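The following exercises concern backbone geometry, symmetry, sheet architecture and burial. Each task is followed by a worked solution.

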Number of protein chains: 2
Amino acid sequence: MSSFDYTIAIDAMGGDNSPKKVIDGIGLFLKEDKSIFFNIYGDEALIQNHINQNKSIQQFQYKIFHCSTKIENENSVRNAIKVGKDSSMWRSIDSVNKKDSDLVISSGNTGALLVISKLLIKMINGIDKPAIAGLWPNFKNASIVMDLGANIDFNEKNYLDFSKIGAELYRVIFDKQEPVVALLNVGSEEVKGHEELKNSFAKLANQKNNFIFHGYMEGNQIKDGNVDVVITDGFSGNIALKTAEGTVNYITTEIKKIYSSSIFGKFCYLVSFFIFREIKKTLDPRKYNGGIFLGLNAPVIKSHGGADSLAFYYSLKLSAKILRGNLLKKIKLNFNNE
Amino acid sequence: MSSFDYTIAIDAMGGDNSPKKVIDGIGLFLKEDKSIFFNIYGDEALIQNHINQNKSIQQFQYKIFHCSTKIENENSVRNAIKVGKDSSMWRSIDSVNKKDSDLVISSGNTGALLVISKLLIKMINGIDKPAIAGLWPNFKNASIVMDLGANIDFNEKNYLDFSKIGAELYRVIFDKQEPVVALLNVGSEEVKGHEELKNSFAKLANQKNNFIFHGYMEGNQIKDGNVDVVITDGFSGNIALKTAEGTVNYITTEIKKIYSSSIFGKFCYLVSFFIFREIKKTLDPRKYNGGIFLGLNAPVIKSHGGADSLAFYYSLKLSAKILRGNLLKKIKLNFNNE
């Protein structure tokens, strides 16, 4: 395996249409990048069957680890931990724990992935809880928003830690030396918000940071792209993310309804076909696929359960960037340990 | 004034393009509904000047109360209270306090409007804090979402009170006897969320309500319209609202960019002109203009500061509905006082 830069552990069984979409996603990735080795966990016969249908994987090296079970989305986290030790998710996470892989990626149950990762990979010394970071498209490119739902109760230390971690992540993904970090709030004045937020604001404003502290920002400013890293508690962050997803779905569905409700509408759709293709490409959420669990001793990537092979490919690209950028080491340096 | 059903106090000076948009909005309203009397507060000369240019108002009765100052959006709330006693906002709120008007509407500074309303009109016995409710479009019609930002710290009693109040508001606006009420959370399982939310869930699930309690819901489900009243704390609610606004702006801007970036795009736009007009009409946010402050001894309506005359007209229609539906009496009955 020495000819490979990094090894990624793949939970091939999570999410819709797995393992097919996972295998096809790896196939897309390997067409571009041949220096990552894949440890693939799941039902060996099924995986092998899909690999046999995918030429771009067949040419390369990989290893399949047969797992007799998988953790279902309906499994409660408690249940998943109890019965999941032979599952593809557990064993792919454990391969990172055992240093057989450098990063693990799964499309499965988010709660189980978070808890098993914390159990096996453990937190970085000095960080209390993991956070989920995600890419959020904006007019300029994309921001990082975190936490997207791992931490319902949030304290001052979380805001401060996640500001540092988010800045490191942005630096690695977008190669910008001084990212702009802001705290998501209900107004931009200093007096707004709850106590934890105000205390965090005061600390960040008065200490030396390795990023530019922008202060507070509001939800409608994420789109502008003037802030690179948006820090919020997991409760508001999750609600903001899902509300935004729902809003996109609402608008696109209403627009589609109007085009399809008349012959003239259908005609306009046909005429504008290439424009629609361009719009779909621009607004394609698959480009931003991949929730990044941060604060653990290795990167854990959650691909969207409903994502297809192209979306899975994007989360693999993100994973490779995180590994090549040496994110873990950079985060650890912020907490004085390596 | 006895020939009128109700009297609305108008702060004519708040928001962009006031008092013109306010006067024109009243003009649009009076074309349809002639049984509301308006007490108009603000700069008399300016107001009279705009009325002179608006035929539909001239035919009707109204009263202008000259106010020498106005509260600016930049005013801090503390400052607004100190210097604002002669302002159009203060005096229009006070006219409700003095029973000269039944409801007050303003496009001005939200914080000042909230605090001065609480100061003058006071809370209904048994309700701790006011909440801001708003209409949120969905596939079926519209939901009510509250609180949209008045209460940053939220306790169990707030969730329970606002569920009742929100249900009364929905009944009055949409004439549905048993509205469906849900608590906004980060998942739909009972174990999710923070303590206040879980306790509120348990109470609402086990007590008799005058609405259907749906349980928890997530941000991406608001659009579906299966829930009529979405209850959330003011922090998450405000972030959800503004993030949704930002998302709408992001998508529509990106689509416009694509249409205008090529000759072919511009051609498609021209061909599809009527389709675009229909889309704009369907997605027009002006139809949902009007934040409703609830829990006070009279309804207070906040029109969006950037709203135009048509949006102001919609908030007047909403105001008339609230008055005709006798919302205040219905809310008070829930708290055993009249």
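Two strands pair if DSSP finds at least two bridges between them. Helices (H or I, at least four residues) and strands (E, at least two) are DSSP runs, numbered from the N terminus. This is a predicted model, in which local features need pLDDT of at least 70, side-chain atom pairs count only at pLDDT 80 or more, and totals for chains, interfaces and linings use all residues. Residues are numbered from 1 along each chain as its sequence is written, chains are lettered from A and ligands numbered from 1 in the order in which they are written, and side-chain values use heavy atoms, with hydrogens and water left out.

**Exercise 1. Sheet of chain A**

Task: State in which order the eleven strands of the open sheet of chain A are arranged, and identify which strands stand at the edges.

Solution.
Step 1. The order is β3-β2-β1-β4-β11-β10-β5-β6-β9-β7-β8, with mixed pairing.
Step 2. The edges are held by β3 (62–66) and β8 (212–217) of chain A; each has a single partner strand, so one side of each is left without a neighbour in the sheet.
Step 3. On average, neighbouring strands of this sheet are turned by 25° against each other, direction ignored. Axes here are lines fitted to C-alpha atoms, for helices over the stretch in contact, and angles run from 0 to 180 degrees between N-to-C directions.
Step 4. Within the sheet, β1(A) and β2 (residues 36–42) of chain A run parallel and are joined by six bridges. In this pair, A:Ile8 lies opposite A:Phe38 of β2(A).
Step 5. Helix α2 (residues 44–52) of chain A packs on the sheet, where it touches β2 and β3 of chain A (contact means heavy atoms within 4.5 Å), and its direction makes about 150° with that of β3(A).
Step 6. Helix α12 (residues 309–324) of chain A also packs on the sheet, touching strands including β1, β2 and β4 (103–106) of chain A; the angle between its direction and that of β4(A) is about 165°.

**Exercise 2. Unusual backbone geometry**

Task: Determine where the model has cis peptide bonds in chain A and which residues of chain B have a positive phi without being glycine.

Solution.
Step 1. As a reference, most residues other than glycine have a negative phi, and most peptide bonds are trans.
Step 2. A:Ser18 and A:Pro19 are joined by a cis peptide bond with omega of about 5°. A:Pro19 lies in the loop between β1 (6–11) and α1 (20–32) of chain A.
Step 3. A cis bond also leads from A:Met146 to A:Asp147, with omega near 5°; A:Asp147 belongs to the loop between β6 (142–146) and α7 (156–174) of chain A.
Step 4. B:Asn17 has a positive phi near 55° and sits in the loop between β1 (6–11) and α1 (20–32) of chain B. Its relative accessibility is 63%, so B:Asn17 counts as exposed (buried means under 20% relative accessible area, exposed over 50%, partly exposed in between, with a 1.4 Å probe and protein chains only).
Step 5. B:Asp175 shows a positive phi of about 55° in the loop between α7 (156–174) and β7 (180–184) of chain B. B:Asp175 is exposed too, at a relative accessible area of 64%.

**Exercise 3. Relation of the two chains**

Task: Find what rotation and shift superpose chain B on chain A.

Solution.
Step 1. Copies are superposed by least squares on the C-alpha atoms of residues with pLDDT of at least 70 in both.
Step 2. The operation is a rotation of 180° with 0.0 Å of shift along its axis, giving an RMSD of 0.0 Å. The two copies are therefore related as by a two-fold rotation axis.
Step 3. Both copies use the same surface: 100% of the contact residues of chain B recur in chain A.

**Exercise 4. An enclosed strand**

Task: Explain why strand β6 (residues 142–146) of chain B is described as largely enclosed, and list its partners.

Solution.
Step 1. Five of the five residues of β6(B) are buried, so the strand is largely enclosed by the rest of the structure.
Step 2. B:Ala142, B:Ile144 and B:Met146 point one way, while B:Ser143 and B:Val145 point the other way.
Step 3. Strand β5 (residues 131–137) of chain B runs antiparallel to β6(B), joined by five bridges, and a hairpin of four residues connects β5(B) to β6(B). B:Leu135 stands opposite B:Ile144.
Step 4. Three bridges link β6(B) in parallel to β9 (residues 229–231) of chain B, with B:Met146 opposite B:Ile231.
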